[in-house]
Amino acid sequence: MTPEVRAVLARHGAVLDESGFDPRADVARDAWRACAADLHATGARFFDITAIDRGEAVELVLVLVDTPSTQFTLRTSCPNESLRAESLAGVFPPAEWGEREVFDLFGVVFEGNPDMTRILQPDSSTIHPLRRSFELEERTW
Amino acid sequence: MGVVDDAEQPGFITTTLDKLLRWGRSRSMWPVNAGIACCSLEMMTTGAARYDFDRFGIMFRSSPRQADVMIVPGPITKKMAPIVQRVYNQMAEPRWVIAMGSCAISGGTFVDSYNVLPGAETILPVDIYIPGCPPRPEALLYGCLQLKKLISETSTIGSSRKPMYVPPVLPEEWPLELLGEYDALEAGAVWVQPERDSPPVTPLGDAESAPEDEL
Amino acid sequence: MVNFPRKGVEGSTETMLLNVGPQHPSTHGVLHMMCEISGETIVSAKPVIGYLHRGIEKLAESRTWQQDIVLTDRLDYVAQFSNEWAYCRAVERLAGIEVPERAEWLRTLLVEMNRITSHLIWYAGVTMDIGALGTPFIYAWVARERIFDFYEAVTGARVMPNWMRLGGVHTDIDSAMLKEMRDFLERDFPVEVDEYEALLVGNEIVQSRMKGIGVFSAEQLVEWGVTGPALRASGSERDLRKDVPYGVYDRLDFRVCTDDVGDSLARCRVRLAEIRESARMCVQIIDGMPGGDVRAKVSRALKPPVGDVCVRTESPRGELGVLVASDGTTKPLRFRVRSPIFYNLSAMPHMLPNHLLADMLVIFGGIDTSMGEIDR
Ligand code: SF4
């Protein structure tokens with residue numbers, strides 16, 4: 001992690017945890033977009049945006065690459081009652097599709113994404129399959 | 001006893017013609033070039049030098065209108081299903097379907113997935129099943145030769161034209177696509193002229209203030 | 001209905017909507033590209049994906065850690081070994097599994113051979129797209145079939161190997177087979193590649209179709225999230241095999257193939273150079289192969305500790321990331337694939353405007369799609 005990244009994370013009140021494999025920084029949901037925009041200004045490169053269902057909340061995970069050989073994750077958590085977050089599509093252009101995928105599979109709505117529609121499943125689908133609450137049917141063979 | 005007669009009592013000319021047609025069809029199967037998933041790699045391999053589909057008269061056509069065999073090389077997902085159905089219904093009669101690989105037979109590895117149909121037979125009338133994941137090119141060749149045998153044994157004279165295949169259980173999630181008025185009669189539905197693409201957008205800027213006569 | 005607002009062109013009266021795909025011979029799988037065109041020029045474009053979405057990420061959560069290797073093969077079915085390796089590396093890192101030395105060498109060997117076959121498929125595809133029906137396709141399959149024979153001898157399957165295991169590989173390769181591979185890659189293969197190169201880069205028609213088409217700078221491409229050979233053709237040195245060496249890449253002598261023109265022809269040259277470089281690396285690996293075990297003992301009911309890890313690898317198409325999260329049970333909590341082509345394809349709306357419709361397939365061939373990994 002470069003010092004600039006550290007400074008930005010500290011400015012946005014992120015909780016830094018470096019005990020795992022990659023450093024992870026947890027920010028509040030309000031600071032999500034502002035923090036990502038500042039990280040973009042430090043030269044951090046977008047790698048991936050995804051989510052992990054933690055039961056009572058969906059954790060958004062933004063993987064960023066700061067130097068060519070190191071990466072870190074920026075995370076925030078959306079409680080089940082309000083599955084929404086600010087869109088990063090204006091900050092990192094590839095995040096537009098990543099967010100559409102998170103919306104499709106988890107149901108998290110990103111405010112400000114220019115095209116918040118399903119990307120992988122057909123439009124007629126009504127499910128968000130990667131939620132824990134969605135269980136696969138047993139098929140008869 | 002006539003020379004040309006009805007389907008129940010085929011006469012000399014009809015049967016000879018039928019034989020000729022069967023001979024011709026079975027030796028020039030043209031599959032539509034629709035690669036869906038991993039099995040299409042082996043389909044391509046079969047078309048390439050070592051296995052060489054062409055020596056059996058099997059040539060891939062890009063347009064369904066020119067094809068009479070459809071090889072389904074992979075899982076049919078819910079989003080893909082209406083398109084597969086449409087491509088099949090666009091093919092000229094008579095037509096045949098080969099389900100290639102375990103995905104097209106039953107859903108295969110993805111059988112318990114939420115987005116995969118349990119086999120191509122849910123929406124298409126499959127004639128030949130080729131097991132494997134993916135089937136080896138030899139297996140695909142063998143399957144095609146079986147189909148060749150099937151084609152040369154089935155008479156198509158007298159069978160009524162069925163431009164549209166209506167699966168036994170109609171899928172709920174997507175409507176069966178009707179391509180024309182004739183299909184609607186077959187499917188027992190009312191054909192509605194599909195909505196055409198919306199009219200062109202007005203050019204950007206002040207469309208109203210542009211003087212008419214300049215255009 | 002797909003949300004595709006038309007932009008329109010100032011001063012022109014009418015734009016037209018053209019759908020390419022989903023059933024289209026040159027989309028390499030089932031991709032649907034919506035293009036708004038004015039005359040022959042693309043005004044805006046939007047790829048519509050998801051026709052091959054099989055829900056692999058969900059299925060992985062209902063299978064055990066070991067069983068998921070089967071699913072990784074089906075992600076990017078053109079580069080199967082790369083996917084297997086990315087997944088195995090992620091889980092091994094999470095669970096702290098040591099991989100025997102020889103297994104690492106074997107993995108690197110087959111992944112590099114896989115890079116060759118994957119680029120050969122690109123070669124066959126891109127030439128077909130621009131109208132060379134047949135000839136380069138059949139040429140490319142000559143070398144590809146030879147390598148597939150090796151796959152079959154080693155793993156028992158041609159396309160879906162399922163060969164890597166957590167903590168090593170399933171079968172060892174004996175020295176006679178290694179020698180055969182080395183003979184092929186050192187003696188016969190470079191001759192073939194010369195021929196491929198002459199057919200593609202040396203061809204006048206190909207040059208006139210590709211030279212100066214789709215020129216993008218490295219800064220633009222990084223901003224759009226493009227990785228892999230498409231990015232390196234614009235002069236970037238980004239290659240995870242050098243940046244974050246994994247496997248035995250730190251012990252091999254290879255160079256990162258780059259080109260600084262940044263057009264479609266440069267992308268072809270980079271891929272052809274990578275084919276050569278991979279063949280050279282394979283020879284080095286075979287020469288340096290140590291002896292020993294190929295598989296560490298890993299429990300069938302593996303329970304990695306709670307946590308998550310994201311691992312980045314260089315697949316033939318770009319940076320493949322695998323994120324696995326464990327909740328301490330025998331099944332993953334989350335298995336996420338960061339597909340390189342998914343994000344490369346998301347750059348298409350930025351790349352295509354102001355190009356001719358016929359150039360669409362050329363630019364499209366430059367990022368080398370494989371729908372299995374995009375849709376997952
Ligand atoms: S049968 Fe196997 S190889 Fe064929 S499409 Fe299914 S998973 Fe892929």
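This passage describes selected strands and residues of chain C in a predicted model.

In this predicted model, local features require pLDDT of at least 70 and side-chain atom pairs count only at pLDDT 80 or more, while totals for chains, interfaces and linings use all residues; side-chain values use heavy atoms, with hydrogens and water left out. Residues are numbered from 1 along each chain as its sequence is written, and chains are lettered from A and ligands numbered from 1 in the order in which they are written.

Strands are DSSP runs (E, at least two residues), numbered from the N terminus. Strand S7 of chain C spans residues 318-326, and 9 of its 9 residues are buried (under 20% relative accessible area, 1.4 Å probe, protein chains only). Two strands are taken to pair if DSSP finds at least two bridges between them. Strand S6(C), residues 307-315, is joined to S7(C) by 9 bridges in an antiparallel arrangement. Within this pairing, Gly321(C) of S7(C) stands opposite Arg312(C). The two strands, S6(C) and S7(C), form a hairpin with 2 residues between them.

S7(C) is also joined to strand S8(C), residues 332-338, by 6 bridges, and these strands run antiparallel. Here Ala325(C) has Arg334(C) in S8(C) as its bridge partner. The hairpin of S7(C) and S8(C) has 5 residues between the strands, and Gly328(C) in this hairpin adopts a positive phi near 85°.

Elsewhere in the chain, Leu17(C) belongs to strand S1(C), residues 16-20. Leu17(C) counts as partly exposed (from 20% to 50%) because its relative accessibility is 22%. Between Leu17(C) and Ser62(C), the separation is 45 residues in sequence and 42 Å in space, C-alpha to C-alpha.

Methods:
Helix = DSSP H or I, 4+ residues; strand = E, 2+ residues; numbered from the N terminus.
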